[in-house]
Every structure is written in C-alpha cells, then in structure tokens.
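I'm opening a fresh page for this one. Here is what I looked up, in the order I got to it.

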Amino acid sequence: MEENFEAGFPTEVVKEGEVRILVPKLEAFVKSPSDYAPSKAPVFYNPVMELNRDVAVLALQAYQRMVDRELSVCEPLAGCGVRGIRFAKEVVGVEKVVVNDINGKAVQLAKHNIELNGLGGKVVVQNLDANFLLGGYAAPRKRFDAIDIDPFGPPVPYLDSAVRALRNGGLLALTATDLASLCGVYPKACIRKYGGKPLRTEYCHELAVRLLAGCLAVAAAKHDIAVKIVFCHSTDHYIRVYATTEYGAKKADESLKNMGYIMHCFRCFHREPVKTLSFFDVSANCRECGAKMDFAGPLWIGKLFDKEFCRLMEEELGKRSFRLKRRIEKLLGLIKNEAEAPITYYAVDKLCDALNLQVPSVKKVLSILKRNGYSAFLTHFNPKGVKSNVSATKMREILRKIVDGNQ
Ligand SMILES: C[S@@+](CC[C@H](N)C(=O)[O-])C[C@H]1O[C@@H](n2cnc3c(N)ncnc32)[C@H](O)[C@@H]1O
Ligand SMILES: [Zn+2]
C-alpha cells in the first residue's frame, strides 16, 4: 500500500502498538544537531510519545470497561493519525474515531494510514481548526464519549470546546508540553494560560498536573460541568491529565471545592494545601520556622487518581505486548502506590543538598519514616521523591540522623 502513496517528502513505515504507520523520515529534516526533528517535518510524528499513546490506549480501554458501551472518540489534533488509529485498532468497544488536523499534509497522511491498517469504515478524517470541529459536535446526541487533546504546548485553547463536545460522563485526556511555564520558569505565562501561579519547588511536576487539572475544572464549571480526575502522569517533557466530566450546576460547584492553593516555605521546606487564600494567608508566616511563605495556585488540591481506573489500566497492560511494557508497568505500579498518598513530596536529593548532607537511598528514607510511624510512598513524579505525612522539621531531623548513622 505505502508504495502507491506519494507524500512528497521522505517517509518510512514504523510499527507502534498493533498498527503500522507511514511517518516522515525524521533524519531527513534535521539540519543541525539542535533541531527538534518532529517539528521540522511537514507532518508531526514524535516517536518519543509512544509511551504517552500506549498509556492513552490503556486509559481508553479502562474507561470503556467502566462504562461498558460502544465508544465514539475524537482526536482533534492528530498529526499523522497514529493515536486515533491505535484507539480504533487496539481498544475493544471503539465504534468510531474522528481524527482531525489543520494541516492538509497531515490529513493526507492520516487518510493513507487509516487504509494501511484496514480501518476505512471506522476512522474518519477531517481538516478543520480543532475548536471549529469540536463546536460541530457540541449538541446533545452528537457528542463524543472520549476526546484526546494532544497539542504543541498547552491544551488550554481547546478546553471549552472539548468539554462541550463530550457527552455526560465522557472521558477527556489532555497533554501539556509547556513545562517551563507550568514548573515556574515562566510564571507569567502560566498565570496567563492556566489562571494559577506556579512555583519552582522540587515537587513542581505535581504542581504542573494540579494547575492543568484546576484550569480544566474552572473551564468546565462555566458550562455547569463537573470534572473528576481519574488518572495523570508526568513523563519526559510532558504531563497528561485524564478526567471524566458530568453535567449539573451543583456537581460543578462540588468539583470546584477541589480548588485551592499550596503554601510553601522556601526556608524549611514546609508546605500545606489550603482551600482559600485570603490576604492574611498570602502574607502568612511559616508555622514551622516563621519565614514568609510563598504559594502556588489556584490549582486542583483534590485526588489525582481513581484506584479502580488505575487497576483496570494495569489489568489491560497485562494483556498487551507493548514495546515499552516494562517501563509502563513500573509507572503504573508507582501510581497505584501513590494514589492515596498525601499531597506534594519531599525530594531527598534536594533536601540533602540544602542541608549539606550526603544523599541516602530513597529506600532507606522510606523504611526509617515508616519505622517512626509516618506514612511513606514512592512517587512516579520524581525518582528521589517521598510522599509522607511527616512535617518538614521532622523530615530534616530524620535525614540528619540517617546520614549520621543514628537511624
Ligand atoms: C503534537 S501534534 C499531534 C500529535 C498526535 N496527537 C500524536 O499523538 O502523534 C499537534 C498537531 O496539531 C495540529 N494543529 C495545530 N493547531 C491546530 C488547530 N488549531 N486545529 C487543528 N489542528 C491543529 C498540528 O498540525 C499538529 O499536527
Ligand atoms: Zn518554614
């Protein structure tokens, strides 16, 4: 099939999951070592996002099992179509997929890839602006069961039209790649786009997820739609948030109760979530050391994972032979473990740097915390991260004792 298709630029066939996809031959578009190949090619394809797509397949299948019905799915920013084509081929119960891209060359390639995988009756292609496309599906009975927004940078410009184009109880998946903004390198950009202030703390990746989740909850509430965050992850250069939505003004009010702030003390590492940030709180002093505290938010301070959703994803992974299976197993294992853990985490290496201590193993810190009666969890957000109910003062004390050999 690929022999008969003239893309007009160098291409190659790659295998991902259970599909074969004709993609731009990325080496052909790199002119200097600093070039980011996927964005230089005439159609977007990023092999590094395979894990993102694998996890999206698992999440969609978990969702399908939870709702137990045939699904219509939309991928409004599809590039060469790989993600939507994988949904159609690999997720049992997917009835129809609409893939769309504003780039005409992407649409031609996606059409070819649909035929290459024999999915002509199941996957349809459109060539519209994503918001225009989603607007056409906002009426009752036209809406999708699931929408996956995977753009360059922030997904924020598509949130309103995406929640409106989702049926009651639908699943929304979001990628954000603008981590420099979300992690506080460009705070003004984060406030402008996400409506919340970021902070350059050691747990900034969790804050990034919470800022995106919060931004979604606020956008949905304007349409009397509530959100529930069922899964999220922070991997490589991006974050992903998966949420289900539900219609109802009262439910939307309830979902907004998950909004708040996280106060942080840069002197002693104390942090705490607060529901409302009054003028008094903004200028609050740290309850542990008395220094002036900073804050992140407004953001989502509620749950980030639904345990049953995570369990179903893990079960689905067991049935599949993804190339990155081991890596995803590890990711899902960590997430299952941290699903009920306290908000934020201590990064053992960052704390030890600040305290001028040698860095002990995270395993050791975990076991000493537990021996002292505290909760202690690893986190997928950071390999040196520990989630715990221990105070910052006690945590510093414990680290010193471990390094001195007194624990
Ligand atoms: C990150 S790429 C998508 C990658 C794809 N989802 C995947 O998993 O391989 C983003 C895509 O959005 C498309 N795009 C950018 N702005 C758009 C818009 N306003 N409407 C529709 N597509 C758009 C670009 O042409 C590009 O193909
Ligand atoms: Zn303090």
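I began with the domains: the protein chain of this predicted model splits into domain 1 (2-300) and domain 2 (345-407). I then checked their centres, taken over C-alpha atoms, and got a separation of 32 Å.

Next I looked at where the two touch. I found ten residues of domain 1 in contact with eleven residues of domain 2. On the domain 1 side, helix 9 (204-221) and strand 8 (225-235) each give at least two residues to the touching side. I sorted that side of domain 1 by class too, and it came out as three nonpolar, four polar and three charged residues.

Then I went to a sheet. It is an open one of three strands, in the order 13-15-14, and the pairing is antiparallel. Which strands stand at the edges? I noted strand 13 (346-347) and strand 14 (376-379); each has a single partner strand, so one side of each has no neighbour in the sheet. Strand 13 is joined to strand 15 (residues 382-388) by two bridges, and the two run antiparallel. I also jotted down that A347 sits opposite G385 in strand 15.

On to ligand 1. I listed 19 residues around it, and the ones that come nearest are L77, G79, I102, A130 and D150. By class, I have twelve nonpolar, two polar and five charged residues in that shell.

Last entry: is helix 3 (residues 82-90) mostly covered or uncovered? Mostly covered, I'd write, with eight of its nine residues buried. My list of the buried ones reads V82, R83, G84, I85, R86, F87, A88 and E90.

Methods
Residues numbered from 1 in each chain as written. Chains lettered and ligands numbered in written order. Predicted model: local features only at pLDDT ≥ 70, side-chain atom pairs only at ≥ 80, totals over all residues. Near = placed C-beta within 6 Å. Nonpolar A, V, L, I, M, F, W, Y, C, P; charged D, E, K, R; others polar. Buried ≥ 20, exposed ≤ 12 C-beta atoms within 10 Å, placed from the backbone. Helix = DSSP H or I, 4+ residues; strand = E, 2+ residues; numbered from the N terminus. Domains from an automatic or database assignment. Contact = placed C-beta atoms within 7 Å. Pairing = 2+ DSSP bridges.
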